[in-house]
Amino acid sequence: MPLYMDRHDLPGATAEEVARAHVADLAIQDRYGVTYTTYWFDPVTGSAFCLAHAPTKEAAETVHRESHGMVPGQVIEVDEQSVREFLGQIVEPTPGDPWVATAFRAVLFTDIEGSTDLTQRLGDARAMRIVRDHDDLVHRAIAARGGRVVKHTGDGVMASFLSVARAVETAAAIQRELAERNQEAEVPFNVRIGITAGEPVTENDDLFGATVQLAARLCATADPGATHVSGAVRELAAGKGFTFVDLGGLVLKGFDEPVHAYRLCT
C-alpha cells in the first residue's frame, strides 16, 4: 500500500491538541483502509507531519477531515526507505501522549574537487583509493556528530543532521582533517561542501526537494576546500562559535531568485 506524508500548518497548537487529533485519526482510520504510523510536531514552527499507509491520498485526507477537521496543506507519496534515511528511526508515539519531535533536518553535501581529472591522471584503481579515503574520513566525521549518511553521489556523499550546529561542526572537521591529511599524502585532494536546512515537504511535492537541491547547488559553487551554507544555516548557527563570510546573493540553477549564501571560516 502506498505511503503518504502530509504537512499541517498549526500556529498556536499545543502538543496535547495534536496528540488528541492523532487519537481521533486512529479511531476512524480503519473505515477508509488507512494506517497512521507516526507523526512529528514542532511547536516552535507550528508544523506537523503525519505518515500513513493509505489506498489513496484522498483517503488519508478524508480521515483527517472527518476525525478533527485539520486538513493538511499538502499530501505527497513517499518512499519509506527515503523517509528512514532522512529522518532516522520511525518512532510510533503512544496514542494520546503529547509528542514533540521535529521533522526539521540540516542537509550536507560533499564533492571531491576534480574527480574526473583525478581518474584520468591516476587511473581507475588509484582514483578509487582517493574516493575510499574521502568516504572513510567523511563517514567518521558524520557519525561522530550524530549525522546519517543518506547516500553516495559517486564522488561525494549526502548526509542529514538533527542539528544545524552539528552539520557545520562536521563540515569544519572534514576540511580540517583533510588539510592535515594532504600535508603528507602522496595524492592530495580537496572537497567542496554545501549545507542547507529545512522540513521534508516542499512546495514542489517532493521529500526534501528544495532543501536537497539547494545544498547540492551550494556545494557546487564552493571553491576547493571551502564550505558554503544557506542563510537559514547561518542564522541557526548564530552564537555557536562559527564565523561566516557573507557571499551575497548567488544565482543558482533551478532557483528563480538569487540565494543569500555564506562561506564557513575554518
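**Notebook: cavity, pocket, cores and ring pairs**

**Entry: the cavity**

I began with the lining of the largest cavity, which by class has seven nonpolar, four polar and one charged residues. I note here that the model is predicted. My search of the whole structure found one cavity of 30 Å³ or more. The volume of the largest cavity comes to about 90 Å³.

Which residues line the largest cavity? I listed H8, L10, V18, A21, H22, D25, Y39, A48, C50, H64, H68 and M70. D25 is the charged one, because Asp counts as charged. Helix α1 gives the most to this lining, with four residues. α1 and β3 each supply at least two.

**Entry: helix α2**

H64 lines the largest cavity, and H64 is also among the buried residues of α2. So I looked at that helix, residues 57-67. Its buried residues are A59, A60, E61, T62, V63 and H64. What do the buried residues of α2 pack against? I found β1 (3-9), α1 (15-28), β2, β3 (47-53) and β4 (74-78). After α2 comes G69, with a positive phi near 85 degrees.

**Entry: the whole chain**

I stepped back to the overall layout. The protein chain has eight helices and eleven strands. Its C-alpha trace spans about 65 × 40 × 35 Å along the principal axes. Of its 266 residues, 49% count as buried. I also checked contacts between residues at least 6 apart in sequence: 68% of them join residues at least 24 apart.

**Entry: the pocket**

Next I turned to the largest pocket, which holds about 230 Å³ of space. How many residues line the largest pocket? I have 17, and those nearest its centre are L87, G88, Q89, R105 and L162. β2 (35-42), α3 and β7 (157-161) each give at least two residues to this lining. By class, I wrote down eight nonpolar, seven polar and two charged residues.

**Entry: the nonpolar cores**

In soluble globular proteins, nonpolar side chains tend to be buried together. I looked up where that happens here. The largest nonpolar core has 31 residues. Which of them touch the most other members? They are F161, V164, V168, I193, I195, V233 and F244. The elements giving two or more residues to this core are β5 (105-112), α5 (124-144), β7, α6 (164-184), β8 and β11 (259-264). α6 contributes the largest share of this core, seven residues. Another core, of 23 residues, lies apart from this one. W40, V78, L87 and L207 are among its members. L87 appears in my pocket notes too, as one of the residues nearest the centre of the largest pocket.

**Entry: I195 and S230**

I picked I195 from the largest core and listed its contacts, leaving aside neighbours within four places in sequence. I195 is in contact with V107, L108, A167, V168, A171, L218, T227, H228, V229, S230 and V233. Two of these, V168 and V233, are on the list of core residues that touch the most other members.

S230 made me look at the other side of that contact. S230 sits in strand β9, residues 227-230. Is S230 buried or exposed? It counts as buried, because its relative accessibility is 5%. Under the same four-place exclusion, S230 is in contact with I195, T196, A197, L214, L218, H260 and Y262. L218 is therefore on both contact lists, the one for I195 and the one for S230, where contact means heavy atoms within 4.5 Å.

**Entry: aromatic pairs**

A pair of aromatic rings is described by the distance of the centres and the angle of the planes. I counted two aromatic pairs. F86 and F208 form a stacked pair, 4.2 Å centre to centre, with 15 degrees between the planes. This pair links distant parts of the chain: F86 is in helix α3 (residues 80-87), F208 is in the loop between β8 (191-198) and α7 (209-221), and they are 122 residues apart. F86 counts as buried because its relative accessibility is 7%. F208 is at 0%, so F208 counts as buried as well.

F242 and F244 make a tilted pair, 6.4 Å centre to centre and 55 degrees between the planes. Why does F242 count as partly exposed? Its relative accessibility is 22%, and buried means under 20%. F244, at 17%, therefore counts as buried. F244 is also among the residues that touch the most other members of the largest nonpolar core.

Definitions and conventions: Residues are numbered from 1 along each chain as its sequence is written. This is a predicted model: local features need pLDDT of at least 70, side-chain atom pairs count only at pLDDT 80 or more; totals for chains, interfaces and linings use all residues. Side-chain values use heavy atoms; hydrogens and water are left out. Buried means under 20% relative accessible area, exposed over 50%, partly exposed in between (1.4 Å probe, protein chains only). Rings of Phe, Tyr and Trp (its six-membered ring) pair if their centres lie within 6.5 Å; planes under 30 degrees apart count as stacked, over 60 as edge-to-face and the rest as tilted. On a 1 Å grid over the protein atoms alone, a cavity is a set of points where a 1.4 Å probe fits but cannot get out, and a pocket is an open set with protein on both sides within 12 Å along at least five of seven lines; lining residues have an atom within 4 Å of a point. Grid points are joined across faces, edges and corners, and a volume is the space filled by probe spheres set on the points. A nonpolar core is a set of buried Ala, Val, Leu, Ile, Met, Phe, Trp, Tyr and Cys residues joined through side-chain atoms within 4.5 Å.
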